Amino acid sequence: MGLLDAGFSRDNVLVAPVDAVLNWARLSSLWPMGFGLACCAIEMMATNASNYDLERFGIFPRSSPRQSDLMIVAGTVTMKMAERVVRLYEQMPEPRYVLSMGSCSNCGGPYWEHGYHVLKGVDRVIPVDVFVPGCPPRPEALIGGLMKIQELIRMEQIGMSREEALRKLAENAVEPRPLIEQERSAAGA
Ligand code: SF4
């Protein structure tokens, strides 16, 4: 900090790519739409509360789709609600992102076989960027999914399609097993 303080106390010029500055601003102010569909939404609310404190990432819920750039689909998407989910998605401005939270939203969850009233995956009606597994996923898992959305935004460039950015993100994916093994052997476990 001392170095930065000294650096900024005089007139200065910072040089950075426009993409990097825009992406940094966007990923540091993700505004999810404040809505939930079932029990996963309770876990999402817990993630927003003081223990996990999503605001430290610049993430806090907005009450209007027109001011939101992220939709967290948290809970069971019934056929009745699917129509509303699509309408809310269409009211969000671009660039917009979708995180599917929990088994119900990912694939129908416990209702996948006999739930005649449940959509078997919200990606059947809107495009999903990140799926978070679990029933319900723990706050740490949701935070992990949100960090994936942030990584995706970091990969984007002006003129680059979402598909290309997702491909780039997949190419940069870290294989977790060697890391876990490394940590285990470092801890002597
Ligand atoms: S995935 Fe589990 S916790 Fe989440 S909405 Fe479905 S039943 Fe509820």
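What follows is an informal chat about a predicted model of a protein with a ligand.

Reader: Let's start broad. How many helices and strands does the protein have?
Author: Eight helices and three strands. Keep in mind that this is a predicted model. Going along the sequence, the pattern reads α-α-α-β-α-β-α-β-α-α-α.

Reader: And what box do the C-alpha atoms fill?
Author: Roughly 65 × 50 × 35 Å, taken along the principal axes.

Reader: What share of the residues is buried?
Author: Buried residues are 28% of the 189 in the protein. On the contact side, take pairs at least 6 apart in sequence: 75% of those contacts join residues at least 24 apart.

Reader: OK, the sheet. What's the strand order?
Author: β1-β2-β3, in an open sheet with parallel pairing. The edges are β1, residues 70–74, and β3, residues 130–132, and each of them pairs on one side only. On average, neighbouring strands are turned by 15 degrees against each other, ignoring direction.

Reader: How many bridges join β1 and β2?
Author: Five, in the parallel sense. In that pairing Ala74 sits opposite Met101 of β2.

Reader: And how many join β2 to β3?
Author: Three bridges, with β2 covering residues 97–101 and running parallel to β3. Leu99 is opposite Val130 of β3.

Reader: Back to β1 for a second. Is the strand enclosed or open?
Author: Largely enclosed by the rest of the structure, because five of its five residues are buried. Leu70, Ile72 and Ala74 are on one side, Met71 and Val73 are on the other, and both faces are covered.

Reader: Why do they split up like that?
Author: Side chains in a regular strand alternate between the two faces of the sheet, so successive ones point to opposite sides.

Reader: Which helix lies across β1, β2 and β3?
Author: That's α6, residues 139–155, and it runs at about 170 degrees to β3.

Reader: Let's talk core. Which residues touch the most other members of the largest nonpolar core?
Author: Ile72, Val73, Ala74, Val77, Leu99, Met101 and Ile149, out of 33 residues in that core. The elements giving two or more residues are α3, β1, α4, β2, β3 and α6. β1 gives the most, with five residues.

Reader: Met101 came up twice. What is it in contact with?
Author: Setting aside neighbours within four places in sequence, Met101 contacts Cys40, Met44, Ile72, Val73, Ala74, Val132, Pro137 and Leu142. Ala74 in that list is also the residue Met101 stands opposite in the β1 pairing.

Reader: Switching to the ligand. Which residues are around it?
Author: Ala38, Cys39, Cys40, Gly75, Thr76, Gly102, Ser103, Cys104, Gly109, Pro110, Cys135 and Pro136. Two elements give two or more residues to that shell: α3, residues 39–48, and α5, residues 103–107.

Reader: How does the shell divide into nonpolar, polar and charged?
Author: Seven nonpolar, five polar and no charged.

Reader: Cys135 and Pro136 are neighbours in that list. What kind of peptide bond joins them?
Author: A cis one, with omega about -10 degrees. Pro136 is in the loop between β3 and α6.

Reader: Where's the cis bond at Glu94, and what's its omega?
Author: It runs from Glu94 to Pro95, with omega near -5 degrees. Pro95 belongs to the loop between α4 and β2.

Reader: Which residue other than glycine has a positive phi?
Author: Asp53 is one, with phi near 50 degrees. You'll find Asp53 in the loop between α3 and β1.

Reader: Is Asp53 buried or exposed?
Author: Exposed, because Asp53 has 12 C-beta neighbours inside 10 Å, and the exposed class takes 12 or fewer.

Reader: Last one: where is Arg26?
Author: In helix α2, residues 18–27. Arg26 has 17 C-beta neighbours inside 10 Å, so it counts as partly exposed.

Reader: And how far is Arg26 from Met71?
Author: Their C-alpha atoms are separated by 15 Å, with the two positions 45 residues apart along the chain as the sequence separation. Met71 itself is one of the buried residues of β1.

Methods. Residues numbered from 1 in each chain as written. Predicted model: local features only at pLDDT ≥ 70, side-chain atom pairs only at ≥ 80, totals over all residues. Pairing = 2+ DSSP bridges. Helix = DSSP H or I, 4+ residues; strand = E, 2+ residues; numbered from the N terminus. Axes fitted to C-alpha atoms, helices over the stretch in contact; angles between N-to-C directions. Contact = placed C-beta atoms within 7 Å. Buried ≥ 20, exposed ≤ 12 C-beta atoms within 10 Å, placed from the backbone. Near = placed C-beta within 6 Å. Nonpolar A, V, L, I, M, F, W, Y, C, P; charged D, E, K, R; others polar. Core = buried A, V, L, I, M, F, W, Y, C linked by C-beta atoms within 7 Å.
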